[in-house]
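Welcome! Open the structure in your viewer, keep the selection tool at hand, and follow along stop by stop.

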Amino acid sequence: GPGSSGEGGSAKARKRLGEKLPFIERTKGSEILFGVAPCSMALSQSRRDLFRLFLKESSGSRQLIMSEFVLQAMAQGVPVHHITKREMNALCKGGVHQGVCLEASPLRFKSLEEDEKPGLEDKGNLKQQLIWLVLEQIQDPMNMGALLRSAYFLGVDRVVTSQRNSCPLTPTVSKASSGAMEVLDVYSTDDIQSFLKTKTAEGWEVVGTVAKPEDVENVPVISCLEFRWSRPVIIVIGNEGDGLSLETQLLCHRMLSIPPGRVLHPGIESLNVSVATGIFLHSICSQKLRHSD
């Protein structure tokens, strides 16, 4: 057919590349973190096993950053290898590596079930302004990274994800989080609903989020600007396409929405999930500073 010559061409190009594509033997079970922030944070946090640091063969202006990396790696006893740009592109599978990548063990979610220590939530704690962010089925690694970056910046105390249908903590997520993933503990639970019920029984407020207030039945919806903080709060964010599941919505005490700044054109009626979350978190977290009594 008409498309065949194009496809043939790319296959030939691939074959040509494939013959010369540099191959670096990888440590079993490792992954390749890429980018300045993720690699630097991973080196300083010691949460992963670190195998090798790869730096792109030197280029003037980046020398200073690169020599910092060499010192960091030496301090941790991590071997440093200088490789060509092509070798690095191959290692990072086209990720934006900024001339640095790190071979390391993967980060896993922490299990809420193991972590919960009974007696921690004694009644005296309920005056505390704690905020936990719960992510139900966030699937896009760029969104996941951006969410972690905002959560870290705005002062979220804990992030919890649903185990099923959630994006794992990959190098792409770390890069999109600008290294925040390397610093934050990210938990997961296999049962968000019973987790929310438990926190409600402990006196937490569970607040859901919704793009269009008219989509919600049986739970009061308020603008995020009207939210007032009276006890520890969990804010629940739903999947990029479908939002929160109905079962989760029904466990929310209130739902928050973001009032748009104009009459919206039909078809452009919502925000990107990570941007929306930044706005929700800011409207809640900014109250932390105002009355931390």
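Helices (H or I, at least four residues) and strands (E, at least two) are DSSP runs, numbered from the N terminus. This is a predicted model, in which local features need pLDDT of at least 70 and side-chain atom pairs count only at pLDDT 80 or more, while totals for chains, interfaces and linings use all residues. Residues are numbered from 1 along each chain as its sequence is written, and side-chain values use heavy atoms, with hydrogens and water left out.

**Stop 1: the mixed sheet**

Select strand 1 (31–34), strand 2 (residues 50–56), strand 3 (residues 80–83) and strand 4 (residues 100–104). These 4 strands form an open sheet in the order 1-4-2-3, with mixed pairing; two strands count as paired if DSSP finds at least two bridges between them. Strand 1 and strand 3 stand at the edges with a single partner strand each, so one side of each has no neighbour in the sheet. From one strand to the next, the twist averages 25°.

Now look at the pairings one at a time. Strand 1 and strand 4 run antiparallel and are joined by 4 bridges; here leucine 33 stands opposite leucine 102. Strand 2 also runs antiparallel to strand 4, with 5 bridges between them, and leucine 55 has valine 100 as its bridge partner. On to strand 3: strand 2 runs parallel to it, joined by 4 bridges, and leucine 53 faces valine 80 there.

Add helix 2 (residues 36–45) to the view. Helix 2 lies across strand 1, strand 2 and strand 4, running at about 45° to strand 4. Such angles run from 0 to 180 degrees between N-to-C directions, with axes being lines fitted to C-alpha atoms, for helices over the stretch in contact.

**Stop 2: phenylalanine 51 in strand 2**

How many of the 7 residues of strand 2 are buried? The count is 5, so strand 2 is mostly covered; buried means under 20% relative accessible area, exposed over 50%, and partly exposed in between (1.4 Å probe, protein chains only). Phenylalanine 51 is partly exposed, because its relative accessible area is 25%.

Show what surrounds phenylalanine 51. Not counting residues up to four places away in sequence, phenylalanine 51 touches Thr27, Ser30, Val78, Pro79, Glu103, Ala104 and Ser105, where contact means heavy atoms within 4.5 Å. Its C-alpha atom is 7.5 Å from that of leucine 102, although the two residues are 51 apart along the chain.

**Stop 3: a pair of cysteines**

Which cysteine has the sulfur nearest to that of cysteine 101? Select cysteine 92: its sulfur is 3.9 Å away, and cysteine 101 is in no disulfide. A disulfide is a pair of cysteine sulfur atoms within 2.5 Å, and a search of the whole structure finds 0 of them. Cysteine 101 is buried, with a relative accessible area of 0%. For another buried cysteine, try cysteine 252, at 6%.

**Stop 4: the parallel sheet and helix 8**

Next comes an open sheet of 8 strands in the order 5-8-7-6-11-9-12-10, with parallel pairing. Its edge strands are strand 5 (110–111) and strand 10 (221–223), each pairing on one side only. Within this sheet, 4 bridges join strand 9 (residues 205–209) to strand 11 (residues 233–237), and glutamate 205 stands opposite valine 233.

Helix 8 (residues 192–201) packs on this sheet, touching strand 6 (131–135), strand 7, strand 8 (186–189), strand 9 and strand 11, and its direction makes about 160° with that of strand 6. Colour Ile192, Phe195, Leu196 and Lys199, which are buried. They lie on the same side of helix 8, because they cover an arc of only 95° around the axis; the arc is that of the directions from the helix axis to the C-beta atoms. The face turned away from this buried side carries the exposed residues Lys197 and Ala201.

Finish with the two ends of helix 8. At its start, a side-chain oxygen of aspartate 191 reaches to within 3.3 Å of the backbone nitrogen of glutamine 193. After helix 8 comes glycine 203, with a positive phi near 100°.

**Stop 5: serine 162**

Serine 162 lies in strand 7 (residues 158–162) and is buried, with a relative accessible area of 7%. Leaving aside neighbours within four places in sequence, serine 162 is in contact with Leu135, Glu136, Gln137, Thr189 and Ile192.

Key
A polar contact is a pair of N or O atoms within 3.5 Å; within protein, one must be able to donate a hydrogen and the other to accept it, and residues adjacent in sequence count only if both atoms are side-chain atoms.
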